[in-house]
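Visitor: Please show me the model and its sequence, so that we may discuss the side-chain packing and the charged pairs.

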Amino acid sequence: AVMWLEDYLINWPNTVVIVSHAREFLNIVCTDIYHYQDQKLTYYKGNYDSFEKRRSEFIIQKRREAEAQKIKVEHVQKFIDKFKYNAKRASMVQSRIKQLNRMELVEEILEDPTCVFIFPTPDKLRPPLLKIEDGLFGYNKEKVILKDIQFGVDMESRIAIVGPNGCGKTTLLKLLNGEMELLDGQQSRSSRLRTSMFTQHFIDQLDLRLSPVEQFLQTFPNSNQEAIRSHLGSFGISGPMALRPHYLLSGGQKSRVAFAMAVWKNPHIMILDEPTNHLDIDAVNALIIALNNFQGGVLIVSHDQHLIQSVCDQIWYIKGQKLKKFHGDFEEYRKFIASGR
């Protein structure tokens, strides 16, 4: 569906204005970027990657200019301080003061605080950790959703599950997380295995009247409050924010609370269902870094091409009630889908 929309917008003969956190979508569709910060709009020609490169160059240039100006101001100020009581140098001092007053200061560029995710490191377990063989799942044997499932996840796994909406991706995740059971086949699971599941419906799991700290204490009643606050801080929920009710937090902030809750038990395998829905591009980049540093297995259902390309080394897709491994990267999968096979 995203590919269809990209193709439609590229060929549409009119102007379209887009607000989106989908990096690849912006790269493919957009020819111009307007960056909104500090109540200002700055115009950049090109797609998102081009904007990011040019903005980075602009920030570096401004920092150099600001540093050079700072050195110059300090030099002039030293002259003023040294000779301000010297009658013979009074005219020169006045000239330097006027020079400082006329100087147009280079505006400091204030960047947003870096968003950080830090996932805990689980203890090592020997494979196999989680495996389904000859699996069959459905609401009954007449209404089958997935069949002939042959699939496994270990601590080294970096797997993306893709396919159209409604094909059974979330169902597969729930099977692996132990929330559903097979109608037939075998599912083996290490007795020491801990999994966590981050769902795209995470807001439904949060009591909007409670603060993140209160939510943790309610969900994990024997936990230490100091440890909870430290853990929340590793997801950017620190200080007063950790004590505000959820209804005062943004979607991205609530998302980080849900991530923190999902990994509180230090999972060996993280199962993520559309994890980027409420995250801006900087937060998605922080999530990518955290997942690449995570020492356990990762299983992702997502439509975010940039996330999949950056984290996953395996792509599995669901078609005709079957889960199949795709032998290629995401760009090749796009071509596979476009071919209609």
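Visitor: How many aromatic pairs does a search of the whole structure find?

Guide: This is a predicted model, in which local features need pLDDT of at least 70 and side-chain atom pairs count only at pLDDT 80 or more, while totals for chains, interfaces and linings use all residues. Residues are numbered from 1 along each chain as its sequence is written, and side-chain values use heavy atoms, with hydrogens and water left out. Rings of Phe, Tyr and Trp (its six-membered ring) pair if their centres lie within 6.5 Å. A search of the whole structure on that basis gives 24.

Visitor: Is the pair of Phe117 and Phe119 stacked, edge-to-face or tilted?

Guide: Planes under 30 degrees apart count as stacked, over 60 as edge-to-face and the rest as tilted. The ring centres of Phe117 and Phe119 are 6.5 Å apart and their planes stand at 40 degrees, so the pair is tilted.

Visitor: Which residues form one aromatic cluster with Phe117 and Phe119?

Guide: Phe117 and Phe119 are both buried (under 20% relative accessible area, with exposed over 50% and partly exposed in between; 1.4 Å probe, protein chains only). The other members of their aromatic cluster are Phe198, Phe235, Phe259 and Phe294.

Visitor: Which helix gives the largest share of the largest nonpolar core?

Guide: A nonpolar core is a set of buried Ala, Val, Leu, Ile, Met, Phe, Trp, Tyr and Cys residues joined through side-chain atoms within 4.5 Å. The largest has 46 residues, and those with the most contacts inside it are Phe117, Phe119, Phe259 and Leu291. Its largest share is seven residues, and these come from helix H9 (residues 281-293).

Visitor: How many residues are in the second, separate core?

Guide: In soluble globular proteins, nonpolar side chains tend to be buried together. The second core is separate and includes Ile159, Leu182, Ile271 and Leu299; its residue count is 28.

Visitor: Which residues does Phe259 touch, not counting those up to four places away in sequence?

Guide: Contact means heavy atoms within 4.5 Å. Phe259 touches Phe117, Phe119, Phe198, Phe235, Leu272, Pro275, Leu279 and Leu287.

Visitor: How many residues apart are the salt-bridge partners Asp148 and Lys322?

Guide: A salt bridge is a side-chain nitrogen of Lys or Arg within 4 Å of a carboxyl oxygen of Asp or Glu, and the count by this rule is nine. In one of them, the closest N and O atoms of Asp148 and Lys322 are 3.5 Å apart. Helices (H or I, at least four residues) and strands (E, at least two) are DSSP runs, numbered from the N terminus. Asp148 in strand E4 and Lys322 in strand E11 (residues 322-326) lie in distant parts of the chain, and their separation in residues is 174.

Visitor: Which helices are linked by the salt bridge of Arg23 and Glu52?

Guide: The side chains of Arg23 and Glu52 meet at 2.3 Å, N to O. Arg23 is buried at a relative accessible area of 10%, whereas Glu52 is partly exposed at 30%. The helices that hold Arg23 and Glu52 are, respectively, H2 (residues 23-29) and H3 (residues 48-83).

Visitor: Is Asp207, the partner of Arg209, buried or exposed?

Guide: The closest N and O atoms of Arg209 and Asp207 are 2.9 Å apart. Arg209 is exposed, with a relative accessible area of 68%. Asp207, with a relative accessible area of 17%, is buried.
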